[in-house]
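Me: I am new to this structure and would like a close look at one part of it, the place where the two chains meet. Could you walk me through it, along with the salt bridges?

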2 protein chains.
Amino acid sequence: MTDFRPPGFADVEAAGRRLDGRVVRTPLLELPLLNERIGGRLLIKAEMLQRTGSFKFRGALNFLDRLKPEDRRRGVVAFSSGNHAQGVAAAARLLGVSATIVMPSDAPAVKLEGTRAQGAEVRLYDRWREDREELAKAIATERGASLVPPFDHPWTIAGQGTAGLEMFRQAAERGLRLDAVLVPCSGGGLVSGIALALSETSPETAIYSVEPTGFDDTARSLATGRPVANPPGGRSICDALLSERPGVLTFAIMERLLSGGLAVDDRWTQEAMAVAFSDLKLVAEPGGATALAAVLSGVFEARGRTVAVVCSGGNVDPETFSAALGSARHGHGSARPGRNGS
Amino acid sequence: MTDFRPPGFADVEAAGRRLDGRVVRTPLLELPLLNERIGGRLLIKAEMLQRTGSFKFRGALNFLDRLKPEDRRRGVVAFSSGNHAQGVAAAARLLGVSATIVMPSDAPAVKLEGTRAQGAEVRLYDRWREDREELAKAIATERGASLVPPFDHPWTIAGQGTAGLEMFRQAAERGLRLDAVLVPCSGGGLVSGIALALSETSPETAIYSVEPTGFDDTARSLATGRPVANPPGGRSICDALLSERPGVLTFAIMERLLSGGLAVDDRWTQEAMAVAFSDLKLVAEPGGATALAAVLSGVFEARGRTVAVVCSGGNVDPETFSAALGSARHGHGSARPGRNGS
């Protein structure tokens with residue numbers, strides 16, 4: 001079943017045709033007041049409006065769709081803290097494939113419930129005492145099921161890249177060229193897929209990964225030219241962005257096509273969640289808001305540029321969400337432009 | 001400036017051409033899990049993604065755009081608890097018209113700030129001691145400015161109706177015919193505009209207004225065949241839906257084209273806000289969630305039907321939003337379908 005050639009633009013294009021009509025063409029939103037605030041043009045790819053509340057459905061559906069019929073009959077297994085879980089579960093259900101998902105027992109309730117609601121079997125594991133990858137492989141071997149990798153696979157990467165094809169077309173429909181695209185990053189599946197999508201449609205666009213401070217393995221790997229892991233002991237509210245190091249395939253693509261990696265503090269991610277709430281009327285989960293946070297914080301200077309940020313997911317518990325709104329408002333100033341800014 | 005002929009389908013069509021490219025074509029969303037939950041097909045018109053966070057921008061822009069140049073130069077005045085205020089302020093700004101908005105001092109902070117952020121002058125009034133309509137008229141007279149009515153004007157109604165044209169086309173693009181459309185209702189501008197839009201494109205569609213319990217003047221007016229007011233002393237979290245009675249024009253249109261009026265309790269509106277958060281990743285304000293609440297509560301039986309609900313706005317303070325999420329989750333059961341529902 002595996003196919004470990006590094007994927008290219010043609011694979012993303014093929015995935016786009018394959019997924020057409022089965023994934024949501026999520027809107028590319030723009031707000032005049034946000035543009036004024038940053039002094040540039042800010043486009044928001046609202047991927048939380050994708051099925052299952054994150055971009056992961058794209059890669060999962062592309063992967064399952066490419067499995068041979070006999071492999072599909074034996075079912076699939078995946079390990080995930082939540083978004084990949086839901087993406088695989090929903091894709092499996094759509095194609096009539098049985099799915100078992102290995103999830104940490106402390107995953108956000110909204111993600112556990114969302115995965116179960118898609119009809120998948122959830123196998124909980126203890127994040128501190130069990131190895132989820134070993135567990136998933138054991139289940140896969142026992143059942144003859146296919147393991148669906150969360151990011152480091154050509155089919156997965158190509159599927160995620162379809163979000164990039166959409167962004168390019170949506171910008172072009174408005175006569176816009178993208179100076180830069182910022183993408184939340186964990187293992188790198190989404191940003192490398194988007195980089196492939198833009199490599200031929202918009203090669204002048206600068207592409208950046210955005211990670212939480214303390215989990216910026218991609219940024220440091222890109223800076224040093226070899227994949228490095230995160231130091232132990234880090235903490236972040238971005239539960240979807242805690243992977244330890246870039247993938248083999250994703251790093252090869254990112255090294256070739258990315259302009260660099262950025263890191264943002266959680267307090268700015270909370271601010272971005274608050275701005276998504278108050279100005280965009282969108283629910284962003286912490287990990288989904290890092291790219292927007294990079295622009296709002298000034299970590300990425302957007303003045304005078306046309307910049308697209310991907311908001312990659314919206315699966316967040318009410319408590320975490322409410323805390324972000326409260327923190328941003330009582331933290332470092334209002335999320336809203338002042339009257340003088342108008 | 002006034003033009004008090006009742007508007008018709010042609011006026012909505014003309015507004016559609018006039019607003020094209022200047023209003024957001026908001027998405028018509030659909031979730032397989034919500035479809036299963038209700039046993040039908042549920043389409044959600046996400047009008048909180050409209051500029052200024054509610055449908056009001058449509059009617060305001062159509063109104064201001066139709067003013068004569070000499071009237072525009074003298075500015076506009078409006079009274080509103082918030083959404084109309086922001087819609088008028090943003091439309092005025094887009095067209096370079098000065099705007100003064102009369103708002104209650106206890107309006108949600110997000111709506112006051114949003115109006116000011118659009119560059120409008122805000123004149124606060126005391127809801128219990130001052131008459132906002134008299135106040136707005138006095139300002140208009142003093143300055144020779146035009147009063148922008150919140151709902152009872154042909155230009156306003158035609159502008160709001162463009163949401164209905166979009167819904168019809170978006171459904172048709174997917175090969176769907178709408179059995180019913182449910183619309184949050186205060187003065188009736190949005191629902192009567194949508195009714196006009198569907199009157200020629202989809203005359204078989206049943207259209208309903210949805211109001212909060214205690215403020216169902218439209219439902220009772222439609223039932224009795226004459227416009228009646230709400231009894232005093234009612235309370236609702238739906239700050240955008242507290243108008244006292246239907247308009248003259250809107251009632252004439254609704255009486256002719258609506259199938260009836262529905263009312264939902266605030267607790268179901270909170271549940272709908274929670275479902276919009278957890279499943280749709282959208283921020284709905286209380287008044288924007290009543291139509292979705294009517295379907296989720298069973299007040300409207302959607303089983304076996306294709307039903308579109310308008311989510312008309314998302315301008316809500318964090319406290320009210322967080323309270324709704326908490327209340328829905330700790331109130332009458334989970335907002336999520338159980339595992340057996342899959």
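**Where chain A meets chain B**

Reply: A good place to start is a single pair: A:R93 forms a salt bridge with B:E36, and their closest N and O atoms are 3.2 Å apart. A salt bridge here is a side-chain nitrogen of Lys or Arg within 4 Å of a carboxyl oxygen of Asp or Glu. Between chain A and chain B the count is 2 salt bridges.

Before going on, a word on how to read this. The model is predicted, and local features need pLDDT of at least 70, side-chain atom pairs count only at pLDDT 80 or more, while totals for chains, interfaces and linings use all residues; side-chain values use heavy atoms, with hydrogens and water left out. Residues are numbered from 1 along each chain as its sequence is written, and chains are lettered from A and ligands numbered from 1 in the order in which they are written.

Now for polar contacts. Between chain A and chain B, 9 residue pairs are in polar contact, both residues being at pLDDT 80 or more. A polar contact is a pair of N or O atoms within 3.5 Å; within protein, one must be able to donate a hydrogen and the other to accept it, and residues adjacent in sequence count only if both atoms are side-chain atoms. On the side of chain A that touches chain B, the elements giving two or more residues are α2 (32-38), α6 (109-117), β5 (121-125), α12 (266-280) and α14 (318-330) of chain A. These names follow DSSP runs numbered from the N terminus, with helices (H or I) of at least four residues and strands (E) of at least two. The most comes from α14(A), with 6 residues. By type, this side of chain A divides into 19 nonpolar, 8 polar and 12 charged residues; Ala, Val, Leu, Ile, Met, Phe, Trp, Tyr, Cys and Pro count as nonpolar, Asp, Glu, Lys and Arg as charged, and the others, Gly among them, as polar.

In total, the contact (heavy atoms within 4.5 Å) takes 39 residues from chain A and 40 residues from chain B. Together the chains bury about 3,200 Å², 62% of it on carbon and sulfur atoms. Buried area is the accessible area (1.4 Å probe) that two parts lose on being put together, summed over both.

Two of the helices named above are also joined within chain A. A:E271 forms a salt bridge with A:R37, with the closest N and O atoms 3.6 Å apart. This pair links distant parts of the chain, as A:E271 lies in helix α12 of chain A and A:R37 in helix α2 of chain A, 234 residues apart. A:E271 is buried, at a relative accessible area of 1%, whereas A:R37 is partly exposed at 27%. Buried means under 20% relative accessible area, exposed over 50%, and partly exposed in between (1.4 Å probe, protein chains only). In chain B, helix α12 (residues 266-280) holds B:R267, which is partly exposed at 44% relative accessibility.

Finally, how far can you trust the picture? The mean pLDDT of chain A is 93, and 95% of its residues reach 70 or more; pLDDT is the predictor's confidence in each residue, from 0 to 100. Over residues 330-342 of chain A, however, the pLDDT is below 50. Where pLDDT is low, the predicted coordinates should not be read in detail. The model scores ipTM 0.92 and pTM 0.93.
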